[in-house]
Amino acid sequence: MYSAVLATALTGLTIVNAQAPGAPLPVPGVTGQLGDATIVDDNLAGVTYTAFLPNSTTSDLRGFVAGTSNANGTGVNFAISVSGFPDPSLGPFMYHIHDQPVPANGNCTATLAHLDPYVRGEKPPCDPIHPETCQSGDLSGKHGNVTGDPFNTAFLDLYLSTHQGPASFFGNRSIVFHTSNATRLTCANFTLTSGNSTSSNGTSSSGNGTVVGSTPPAPFTGGAATAFVSAGAIVAGLAVFLL
């Protein structure tokens with residue numbers, strides 16, 4: 001069952017921010033052009049968006065990334081369970097929420113840059129001691145890179161929204177996994193899998209994973225982007241994880 005898979009991820013809590021050999025060190029207090037990220041405290045309880053990695057022929061990565069609004073409305077609880085990483089020499093592996101969704105052809109390049117509403121940019125690297133100064137979508141920068149295979153972790157991110165409207169909303173965006181040199185290994189779109197959310201224009205999303213009247217976010221071109229490998233066509237994997 002889906003809940004059992006989530007429980008597995010939660011029990012595998014790992015929060016370690018490994019740096020690639022020779023990688024530049026984080027610089028404390030690097031603020032975006034629009035300031036630091038603000039804590040999101042108005043999320044509706046019980047809303048979950050999940051990205052299921054596709055059964056791709058170009059990647060062995062399988063699993064999911066799920067974000068559920070915190071019960072008190074502040075931030076989002078993420079649970080991640082992924083396996084099938086390539087040779088460890090290509091790591092540490094990173095994962096980020098990207099600004100755009102994956103198109104129908106599965107091209108990870110089309111997801112553009114990390115979600116970065118405060119226009120921070122990717123360099124210098126995120127300092128996890130000051131997560132408010134990091135890109136909103138830099139999950140591994142704030143909460144730790146992949147540390148093993150399989151990789152199971154859970155954490156609370158205070159700067160993302162499950163409510164449609166604000167720039168920190170991630171439900172119409174995508175998750176991308178990278179090697180240490182930023183090569184894109186695989187990607188998947190977030191879809192609503194639990195709860196209800198209403199957008200600023202009045203369209204709504206149903207709790208069965210179908211987004212009604214939702215449109216992709218306008219492309220953001222102010223952040224750095226490195227385009228590499230396509231992950232192949234996205235295949236719906238929900239049924240696999242519900243068994």
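## Exercises on disulfides, sheet and rings

A disulfide joins cysteine 108 to cysteine 187, with an S to S distance of 2.1 Å. The model is predicted.

**Exercise 1.** Work out the handedness of the disulfide between cysteine 108 and cysteine 187, and find which parts of the chain the pair ties together.

*Solution.*
- Step 1: take the torsion about the S-S bond. It is about -95°, so this disulfide is left-handed.
- Step 2: place both ends. Cysteine 108 sits in the loop between β4 and α2 (139-143), while cysteine 187 belongs to strand β7 (residues 184-194). The pair therefore ties together parts that are 79 residues apart in sequence.
- Step 3: check burial. Cysteine 108 and cysteine 187 are both buried.

**Exercise 2.** Find the partner of cysteine 126, then give the disulfide pattern of the protein.

*Solution.*
- Step 1: the structure holds two disulfides. One of them joins cysteine 126 to cysteine 134, at 2.0 Å from S to S.
- Step 2: the torsion about this S-S bond is about 70°, so the bond is right-handed.
- Step 3: apply the cut-off for buried, under 20% relative accessible area. Cysteine 126 has 5%, so it is buried. Cysteine 134 has 5%, so it is buried too.
- Step 4: count the bonded cysteines along the chain. The pattern is 1-4, 2-3.

**Exercise 3.** Write the strand order of the open sheet and identify its edges.

*Solution.*
- Step 1: the seven strands run in the order β4-β6-β7-β1-β2-β3-β5, with antiparallel pairing.
- Step 2: read off the edges. β4 (94-98) and β5 (151-157) each have a single partner strand, so one side of each lacks a neighbour in the sheet.
- Step 3: add the twist. Neighbouring strands are turned by 20° against each other on average, direction ignored.
- Step 4: look at the β5 edge. Seven bridges join β5 to strand β3 (residues 76-83), and the two run antiparallel. Alanine 79 has alanine 154 in β5 as its bridge partner.

**Exercise 4.** Classify the aromatic pair of tyrosine 49 and phenylalanine 170, and locate both residues.

*Solution.*
- Step 1: the whole structure has ten aromatic pairs. In this one, the centres are 5.8 Å apart and the planes meet at 70°.
- Step 2: planes over 60 degrees apart count as edge-to-face, so the pair of tyrosine 49 and phenylalanine 170 is edge-to-face.
- Step 3: tyrosine 49 lies in strand β1 (residues 48-52), and phenylalanine 170 in the loop between β5 and β6 (174-178). The pair therefore ties together parts that are 121 residues apart in sequence.
- Step 4: both tyrosine 49 and phenylalanine 170 are buried.
- Step 5: widen the view. Ring pairs link Tyr49, Phe78, Phe155, Phe169, Phe170 and Phe190 into a cluster.

Definitions and conventions: Residues are numbered from 1 along each chain as its sequence is written. This is a predicted model: local features need pLDDT of at least 70, side-chain atom pairs count only at pLDDT 80 or more; totals for chains, interfaces and linings use all residues. Side-chain values use heavy atoms; hydrogens and water are left out. Two strands pair if DSSP finds at least two bridges between them. Helices (H or I, at least four residues) and strands (E, at least two) are DSSP runs, numbered from the N terminus. Axes are lines fitted to C-alpha atoms, for helices over the stretch in contact, and angles run from 0 to 180 degrees between N-to-C directions. A disulfide is a pair of cysteine sulfur atoms within 2.5 Å. Buried means under 20% relative accessible area, exposed over 50%, partly exposed in between (1.4 Å probe, protein chains only). Rings of Phe, Tyr and Trp (its six-membered ring) pair if their centres lie within 6.5 Å; planes under 30 degrees apart count as stacked, over 60 as edge-to-face and the rest as tilted.
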